[in-house]
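Hi,

Here is the structure I promised to pass on. Have a look, and then see my notes underneath.

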Amino acid sequence: MTRSRNSRTAQKRSPGRSRVWLGWALKLSLVGLVLLAGFAIYLDAIVQEKFSGKRWTIPAKVYARPLELFVGQKLSKDDFLTELDALGYRRETAANGPGAASVNGNNVDLNTRGFQFYEGLEPAQFVRVRFSGDYVAGMTGANGGKLDVVRLEPLMIGGIYPKNLEDRILIKIDQVPPYLLETLVATEDRDFYSHFGVSPKGIARAIWVNTSSGAMRQGGSTLTQQLVKNFYLTSERSLTRKLTEAMMAVLLEMHYDKREILEAYLNEVFVGQDGQRAVHGFGLASQFFFSQPLQELKLHQIALLVGMVKGPSYYNPRRSPERALVRRNLVLDLLAEQGVASQEVVDAAKKMPLGVTKRGSLADSSFPAFLDLVKRQLRQDYRDEDLTEEGLRIFTSFDPILQMKAETAMSETFKRLAGRKGSDAVESAMVVTNPETGEVQALIGSRQSGFAGFNRAIDAVRPIGSLVKPAVYLSALEKPSKYTLTSWLQDEPFSVKGADGQVWRPQNYDRRAHGTIYLYQGLANSYNLSTAKLGLEVGVPNVLKTIGRLGVNVDWPAFPSMLLGAGGMSPMQVATMYQTIANGGFNTPMRGIRSVLTAEGEPLKRYPFQIQQSFDPGAIYLVQNAMQRVMREGTGRSVYSVLPSSLTLAGKTGTSNDSRDSWFSGFSQDLLAVVWLGRDDNGKTPFTGATGALQVWTSFMRKADPLPLDMPQPDNIVQAWIDPYSGQGSDSSCPGAVQMPYIRGSEPAAGAACGGEQQPADSVMDWVKGWMN
Amino acid sequence: MNKWWLPALTALAMLHGCASVPRGNIPVVDSSTRVSNSERVTANQRTPVAANGTSQAQSLPEDSGVTVMIPQGAGASSIQTFPAGNAAPISSAPIDTTPITTNPNPIADEPFDIASMNSTPAATSAPTGIPRSAPAGGLSADEQLDGPVLALLTTAQQQQGGGDLNGASSSLERAQRIAPREPQVLFRLAQVRLAQGDSAQAEQLARRALTYANGRPSLQAELWNTIAQAREKQGDSAGAALARQKARVNL
């Protein structure tokens with residue numbers, strides 16, 4: 001280490017002046033020694049600083065919601081298996097060990113992996129889930145005992161990466177699977193445990209092997225040198241760098257023991273590229289290539305990963321499977337050769353397929369819209385460094401199953417509507433939430449679902465058209481002394497002079513007036529004339545106030561055109577507004593994040609469920625009833641040509657001027673979805689709310705199969721029998737009498753009983769048929 | 001000779017430097033500092049918004065906030081009752097208008113006592129300090145309260161008993177996701193919020209629970225008591241008194 005070349009060369013000089021030269025040489029070599037010593041001290045400081053301090057910054061990891069399992073849960077076996085596949089569960093004939101699952105008819109056996117959640121540890125355990133129809137019918141544990149509730153580990157859906165885009169999952173050396181260390185040492189540096197950082201023997205062997213085989217089969221650098229190279233040095237190839245590397249390797253070995261060096265190596269090694277992101281360490285590599293935790297890997301998978309160290313890009317198993325297979329089997333042969341594994345074990349492993357997943361399932365690009373939402377929420381609470389360096393674990397409400405269904409509904413519908421002229425240029429966005437908890441479950445920000453870019457779900461603020469109407473009717477129905485669902489409205493042309501002096505002349509979509517109608521019909525059929533008139537009676541500022549109470553603070557001017565949706569909102573804002581209606585008048589801020597844990601699994605922050613009652617449940621009940629009629633008899637009724645009539649739904653179509661925006665927003669008991677279709681350049685589309693967005697929405701609801709809407713009837717609501725033609729009180733015994741909800745005291749006086757036999761109410765349905773989309 | 005000292009000392013210093021570093025066990029896990037945010041429930045952050053929302057929702061009667069908005073004049077005068085010439089009749093399409101009662105059999109025969117769910121004595125003296133209004137103390141049993149919800153309520157109770165209010169809150173929200181319409185879950189959540197000092201949310205959650213508690217008088221009484229507590233803590237003693245009255249009516 002402290003040898004100097006100067007001293008050797010000096011000795012070859014003439015003996016006559018040797019004394020003088022020797023003196024000089026000695027002095028020079030001393031200077032060299034000092035310089036080298038100084039350099040060594042400098043290197044030593046570098047080596048120690050990086051190795052003892054914080055070695056890596058770890059990007060925050062974002063997790064989907066953990067799938068909860070309990071008896072009576074609505075979950076189809078197919079959806080369950082989709083989730084298991086995404087989590088990298090191995091299908092085996094009998095579930096052995098964590099991360100294994102076996103399917104026998106309606107039973108699915110699995111060994112969960114266990115996970116640290118905010119409120120505690122979910123243990124790894126054996127679970128047998130019995131399905132019946134689309135429900136979980138039974139759940140038992142290892143000893144056959146009944147299990148109440150079990151959580152699977154959550155799917156990792158992305159991370160928040162720093163600029164260098166290095167990503168890793170830290171592993172400890174005592175957590176690695178059998179064979180990993182042995183395979184690594186056997187392949188890369190078989191003298192690792194005996195050398196002091198550099199291995200002359202290894203270099204000699206490399207030269208021998210390479211010259212005798214005529215190919216670069218082995219490199220001469222030790223694992224320590226490789227670590228030093230990755231850790232401290234650039235990839236420049238020069239003799240000085242090689243010497244520095246050797247010195248640092250020796251210094252590293254002086255300070256730290258073999259296991260520490262090996263552990264650092266396992267976490268540092270570069271094994272692949274995922275788009276912009278560099279995959280470092282075997283922990284992340286295992287997830288990236290097999291969707292499995294490292295601990296679960298079997299010999300053939302280990303051999304593949306270790307084999308890739310030599311050339312992560314050249315041996316990429318997804319791009320060059322044949323090459324990777326040859327390399328893997330070569331590594332396996334080495335193991336047999338060196339006696340690490342028996343020939344039978346190696347032969348069995350060689351028969352296995354590569355077993356890599358199709359693409360990096362944890363790729364940052366899988367669900368860009370939702371991750372974007374999460375990042376925005378996090379940036380309000382954390383500094384960027386916290387997010388990219390501290391290894392935080394972010395638990396979200398993201399539901400991968402619903403997301404996949406939403407994406408499929410979107411792409412299938414576009415395919416079906418491809419014939420419409422101009423549909424190619426149409427972009428889309430979608431928000432899926434659970435109205436009962438206020439949690440965002442799925443998000444689409446672009447027609448190309450995997451495309452990260454303009455997040456239309458959050459950023460596209462577009463005129464909402466008739467989606468605003470429920471706010472108009474809610475404002476009216478909050479005054480039960482003046483308005484009920486069966487109050488009469490005039491759907492007739494009129495004009496008003498606005499504050500800006502302009503004359504406003506609203507028109508119906510079909511350019512026809514519909515005369516005197518029931519109040520609820522104005523909403524159900526989305527009539528502009530009657531709605532505008534009602535809104536003017538209630539007062540535009542009051543309607544805007546209602547929108548604010550629904551959870552969206554808009555800065556729209558109080559113009560009459562706002563009553564028909566000239567104002568703009570983002571799909572997320574629309575979801576917020578409709579969520580309050582769906583949730584019985586209780587406003588819930590939209591949440592995408594549930595909690596944050598530190599890298600060590602300690603609770604850091606929670607985003608609790610919060611609600612704020614902003615409306616009388618009675619008024620909300622009436623608006624929901626009218627919105628149900630949108631679906632049964634109004635502009636949304638095409639849903640029931642696809643969905644079963646037992647599925648009660650409420651919603652509203654929206655179309656802006658010249659069909660520039662096609663909206664639908666609606667909900668069941670447990671699921672709310674907002675769909676927007678439109679062009680980025682705000683051009684005309686071939687879609688109305690009903691022919692475009694509603695089609696996507698319907699397709700999604702069919703796949704998601706939600707629970708029917710079922711709002712408990714508030715105390716102040718009464719059901720009254722009325723005559724469908726006159727709107728006057730009637731009796732259940734009267735022919736054609738229908739039941740309508742009223743806020744107590746606003747119902748028409750009960751009519752006299754009719755007696756006699758009931759008559760069919762066929763005629764009542766006739767007028768419905770006249771309705772077109 | 002002096003010149004010998006320099007390299008010798010340097011070498012010595014270097015060797016010493018190398019040797020003196022402890023071969024300590026260096027963990028792989030980052031030893032970085034904790035993220036700067038302190039743990040706190042963010043509920044209070046929204047208080048201004050919440051207050052704003054309440055003031056906007058003035059049309060709701062101040063006392064109950066949940067129910068009853070009976071119009072004066074009882075409608076007859078303001079509702080036109082004449083048939084319109086070209087009016088379309090009300091469709092008899094199958095709108096689900098049947099009254100929904102959460103519990104068709106409100107009289108419970110099996111008393112459900114949250115306190116008895118937990119063996120830890122701390123739980124009975126839950127930090128909410130809610131007075132048990134009836135000697136029976138129990139809430140009516142509900143046929144919907146099955147395995148998973150009961151298990152999570154028990155976990156939450158243990159966490160609350162051990163002082164882990166955030167954990168209890170988290171477990172209850174888990175239960176809420178499984179059974180979003182079970183008023184007992186919302187009731188327990190309201191109590192945890194009270195213990196956390198967030199009385200505004202405690203009241204809101206209790207009000208939400210009331211909308212699901214039709215036909216369950218003892219639970220309604222408990223909820224009104226929770227609302228009374230929450231209002232008292234917010235300095236609204238008049239509102240608290242009204243809520244207490246409601247609690248008595250419901251018993």
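Below are my notes on the whole chain and then on one hairpin.

First, the ground rules: this is a predicted model, where local features need pLDDT of at least 70, side-chain atom pairs count only at pLDDT 80 or more, and totals for chains, interfaces and linings use all residues. Residues are numbered from 1 along each chain as its sequence is written, while chains are lettered from A and ligands numbered from 1 in the order in which they are written.

Chain A has 24 helices and 32 strands (DSSP runs numbered from the N terminus: H or I of at least four residues, E of at least two). Its radius of gyration, taken over C-alpha atoms, is 35 Å, well over the 28 Å from the globule rule for 773 residues, so chain A is more spread out than a compact globule. (That rule is 2.2 Å times the number of residues to the power 0.38.) The C-alpha trace spans about 135 × 65 × 45 Å along its principal axes.

Buried residues (20 or more other C-beta atoms within 10 Å of their own, with C-beta atoms placed from the backbone) make up 52% of chain A.

Now the hairpin. In β28(A), residues 650-655, 6 of 6 residues are buried. Both faces are covered: Ala650(A), Lys652(A) and Gly654(A) on one side, Gly651(A), Thr653(A) and Thr655(A) on the other. β28(A) pairs antiparallel with β29(A), residues 661-667, over 6 bridges (pairing takes at least two DSSP bridges), and Ala650(A) stands opposite Phe667(A). Of the 5 residues between the strands, Asp658(A) has a positive phi near 55 degrees.

Cheers

Methods
A residue is buried if 20 or more other C-beta atoms lie within 10 Å of its own, exposed if 12 or fewer, and partly exposed in between; C-beta atoms are placed from the backbone.
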